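Visitor: I would like to learn how to read helix packing in a model. Could you take me through one?

Guide: Gladly; let us look together.

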Amino acid sequence: MDPTGLGLNATESRELEQRLQKRQMKEFMGLFSNLVDHCFMSCVDDFTSKSLSTRETGCITRCVQKQMALSQRLSERFAEHNAAMGAQPPK
Amino acid sequence: MSFLGFGRPQPSSAEKIAAVEAEMKLMSDMLNRLNRACAKKCTPNDYREGDLNKGESVCLDRCAAKFFDVHLKVSEQMQNEAQARGGAAGGGGFGLGA
């Protein structure tokens, strides 16, 4: 019911959940636009045609794939780090 | 003073929610910065392959560990600095999850 351990009541939990959902949405959009920017900047630098070349398309695919794998891996390390920090008594 | 309280005023709903939200924000900001920093340090931008290779994976793991270390070191140093400056701004702290 209350995963935060803060003793939130039902109304508060609902409020918090809504806010977190909004935040999650915002974060997802941020991730998406960062990815677009990053892969565009890394892969597209030839403007002699208005359509993406096969080379650019392939690069974009690999870029997205790699960035996903990368953030997946870093999230794992991040979670491990937080778990380790949480296990220590607070300073 | 309050019926069940032990002298400590209970935080209001808004305060509690704001606290959790702030914590979440702190976490996701840090994760974002970690991503950006280590992607920049460990992976080339030419995307000749879509998978992380062995070297990149190891680099990312080490990069993450160092990033956390730096985080801790900077936070400690800033706290010391603040304390040395009179300690008026004590508390706070930038340590995550501590």
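Visitor: Where two helices meet across the chains, at what angle do α2(A) and α2(B) pack?

Guide: For helix packing, axes are lines fitted to C-alpha atoms over the stretch in contact, and angles run from 0 to 180 degrees between N-to-C directions. Helices here are DSSP runs of H or I with at least four residues, strands are runs of E with at least two, and both are numbered from the N terminus. In this case α2(A), residues 54-87, packs on α2(B) at an angle of about 40°, with the axes 10 Å apart. That makes α2(A) oblique to α2(B); under 35 degrees counts as roughly parallel, over 145 as roughly antiparallel, 65 to 115 as roughly perpendicular and the rest as oblique. Please keep in mind that this is a predicted model, where local features need pLDDT of at least 70, side-chain atom pairs count only at pLDDT 80 or more, and totals for chains, interfaces and linings use all residues. Residues are numbered from 1 along each chain as its sequence is written, while chains are lettered from A and ligands numbered from 1 in the order in which they are written.

Visitor: Is the crossing of α2(A) and α2(B) left-handed or right-handed?

Guide: A crossing is left-handed if the near helix is turned anticlockwise from the far one by less than a right angle, and right-handed if clockwise. The crossing of α2(A) and α2(B) is right-handed.

Visitor: Which residues in α2(A) and α2(B) meet?

Guide: Two residues are in contact if their C-beta atoms, placed from the backbone, lie within 7 Å. From α2(A) come Leu70(A), Arg73(A), Leu74(A), Arg77(A), Phe78(A) and His81(A), and they meet Ser57(B), Leu60(B), Asp61(B), Ala64(B) and Phe68(B) of α2(B). This contact has six nonpolar, two polar and three charged residues; Ala, Val, Leu, Ile, Met, Phe, Trp, Tyr, Cys and Pro count as nonpolar, Asp, Glu, Lys and Arg as charged, and the others, Gly among them, as polar.

Visitor: Why do such contacts recur at intervals along a helix?

Guide: An α-helix has 3.6 residues a turn, so residues three or four places apart point the same way.

Visitor: How many residues of chain B are in contact with chain A?

Guide: There are 28 in chain B, facing 34 residues of chain A. The largest share of that side of chain B, twelve residues, comes from α1(B).

Visitor: And within chain B, at what angle do α1(B) and α2(B) pack?

Guide: The angle is about 135°, and the axes are 9 Å apart. That makes α1(B) oblique to α2(B). Here α1(B) passes α2(B) in a right-handed crossing. The residues of this contact are nine nonpolar, no polar and two charged.

Visitor: Which residues of α2(B) are buried?

Guide: A residue is buried if 20 or more other C-beta atoms lie within 10 Å of its own, exposed if 12 or fewer, and partly exposed in between, with C-beta atoms placed from the backbone. In α2(B) they are Glu56(B), Leu60(B), Cys63(B), Ala64(B), Phe67(B) and Phe68(B), and they pack against α2 of chain A together with α1 of chain B. Just after α2(B), Gly86(B) takes a positive phi of about 115°.

Visitor: What is the count of buried residues in α1(A)?

Guide: Three of its 34 residues, so α1(A) is hardly covered. They are Leu16(A), Cys39(A) and Cys43(A).
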